[in-house]
Amino acid sequence: MRSTLILLFIGFSTVVNSQIEEIRRITEQLCSPEFHGRGYVNHGDSIAAAYLVEEFKKIGAEAYGDGFYQDFQLSVNTFPGAMALSQGEKQLVPGLHFSINPSSKGGQYSMHPTEVSAAQILDLDYMRALISEILRVPNSQIMVFNFLGASKDTVKQILPIMHEIAQLMPVAELVDKKFTWSVGREQLYFPYFQIQDSVYQKGVQLEMNVDAKVIENYQTQNVIAYLPAKKKCKETIVFTAHYDHLGRMGADTHFPGANDNASGTAMLLTMAKYFKEHPSKYNILFIAFAGEEAGLVGSKFYTEHPLLKLKKIKFLVNLDIMGSGEHGVTVVNGTLFKKEFDLLQKINKELDLLAKVKIRGPAANSDHYWFTEKGVPAIFIYTMGQNSHYHDIFDTYEELSFAEYADITKLLIEFVKRM
Ligand SMILES: [Zn+2]
């Protein structure tokens, strides 16, 4: 037992040391401005996909079927050009001072702000009068919601009213937390902003110049690579990770998506490299999904158009947010696949890898979800640690610690070996 363990460690450390520099290079590249946040402006997604295919080819992984790509389409709202919002002399910075609703409309307007409190929005007579007053000259005023300090229950009550108002006129919400952005699939009729309370100036005219464009049936693609088993085998282990991110909020601001999910994409390549050099008893399929941030679109498409039939998947491991790990990892679906979860814990203990392998029940929070829905045995592993940047401009390569990257690599390799 002891000697095998030592051999195992020697094997691992050579793999891991030679790989970590390579992985840093790949992650940094995926996060760079030339990849445009791996979204839809300037085809950032397709640039990333082509890059991944090259990396899979370098490793010596094969295409599965006709090629490395599985094409599909989706409609998205994009912000390819101007993204300017100013108040008086102050030019607000996108992603830092203000954010735009992912479904916002663009335009060029000068708008007088009318602040509305929680108490006011719940006063129907007051609001009716205010709205008809504002609507007399369309787009000349913006309603600014200030619900800071309101209770959770009140905000819950207010939200539907707020969304109705957003169908009638430009709106903005004051915010006192970090922005969290996402991808919109359609466009509202009016502009919709979030502004940091700390920079907002009450009653001061807001000038906007925003370019927003819906692209119908935008073509994107999953990237799929394959490694056959050492000896002919019917069973396949699948590793998945989404490579897309949020793209650009205007021409000058991109969302690097380092932890989410350049890190998991890099882990796919790490697995491919290892299992190319040390073929498994199972076939291994790697799927880098597109469209995750737009609502798990790429993985849904795959489960509806599977290249490798879903029944042939012995087990699927989805990797999203692999960049930290100081506090261990969480295993979504661990409660559904207790045997596999226990195996992960056992390996973790034996090899003394991570601080914690935490169990969690099912959740629709990443690409494993559609597979679970279709009865494919699947887990989703994500790291826990100090990195709190999520769906913001601060989720950068520089903020990744890669603290447990090597140990997670070891855990996954050993997991496949013992399956
Ligand atoms: Zn995400």
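Okay, let's start with the cysteines: the disulfide count for this protein comes to zero. Just to be clear on the chemistry, a disulfide is a covalent bond between the sulfur atoms of two cysteines. Here, two cysteines are worth a look anyway. Cys31 is buried, at a relative accessible area of 7%, whereas Cys233 is partly exposed, at 23%. And before I go any further, please keep in mind that this is a predicted model.

Right, the overall picture. We've got 10 helices and 17 strands. The chain has 419 residues, and for that length a compact globule would have a radius of gyration near 22 Å; this protein comes out at 24 Å, which agrees. If you take the principal axes, the C-alpha atoms fill a box of roughly 80 × 40 × 40 Å. As for burial, 56% of the 419 residues count as buried. The exposed surface is about 18000 Å², with carbon and sulfur atoms supplying 52% of that.

How about contacts along the chain? Take the ones between residues at least 6 apart in sequence: 83% of those join residues at least 24 apart. Keep that in mind, as I'll show you a couple of long-range pairs in a minute.

Now, the zinc site. Which residues donate to the zinc ion? On the protein side, it's Asp260 through an OD atom, Glu293 through OE, twice, and His391 through NE2. Those donor atoms sit 2.0 to 2.4 Å from the zinc. Along the chain, the spacing reads D-x32-E-x97-H. Asp260 is in helix α6, residues 258-277, while His391 is in the loop between β17 (378-383) and α10 (405-418), so this pair ties together parts that are 131 residues apart in sequence.

Why is the arrangement called irregular? Because the four donor atoms subtend angles of 56 to 142° around the zinc ion, whereas a tetrahedral call would need all angles between 85 and 135 degrees. Are the Asp and His donors buried or exposed? Asp260 is buried, at 3% relative accessible area, and His391 counts as buried too, at 7%.

Let's move to helix α7, residues 297-304. Its buried residues are Val297, Gly298, Ser299, Tyr302 and Thr303. A quick reminder on helix geometry: an α-helix has 3.6 residues a turn, so residues three or four places apart point the same way. What do the buried residues of α7 pack against? Three strands and a helix, namely β2 (69-78), β11 (213-227), β13 (283-289) and α9 (368-373).

Since β11 just came up, have a look at Glu216, which lies in that strand. Glu216 counts as exposed, with 57% relative accessibility. Leaving out neighbours within four places in sequence, Glu216 is in contact with Leu74 and Ser75. And here's one of those long-range pairs: Glu216 and Val76 are 140 residues apart in sequence, but C-alpha to C-alpha they're 6.6 Å apart in space.

The other pair involves Asp407, over in helix α10. Asp407 counts as buried, at 16% relative accessibility. Not counting residues up to four places away in sequence, Asp407 touches Leu353 and Leu354. With Leu354, the sequence separation is 53 residues, and the C-alpha atoms are 6.7 Å apart.

So that's the tour, and I'm happy to go back to any of these spots on the screen.

Methods
Residues are numbered from 1 along each chain as its sequence is written. This is a predicted model: local features need pLDDT of at least 70, side-chain atom pairs count only at pLDDT 80 or more; totals for chains, interfaces and linings use all residues. Side-chain values use heavy atoms; hydrogens and water are left out. Donors are N, O and S atoms within 2.8 Å of the metal (3.2 Å for Na, K and Ca); water is not among the atoms, so sites may look incomplete. Four donors count as tetrahedral if all angles lie between 85 and 135 degrees; four count as square planar and six as octahedral if opposite donors are over 155 degrees apart and all others between 65 and 115; anything else is irregular. Helices (H or I, at least four residues) and strands (E, at least two) are DSSP runs, numbered from the N terminus. Buried means under 20% relative accessible area, exposed over 50%, partly exposed in between (1.4 Å probe, protein chains only). A disulfide is a pair of cysteine sulfur atoms within 2.5 Å. The radius of gyration is taken over C-alpha atoms; the globule rule is 2.2 Å times the number of residues to the power 0.38. Contact means heavy atoms within 4.5 Å. Accessible areas come from the Shrake-Rupley method with a 1.4 Å probe; for residues, only the protein chains shown count as cover.
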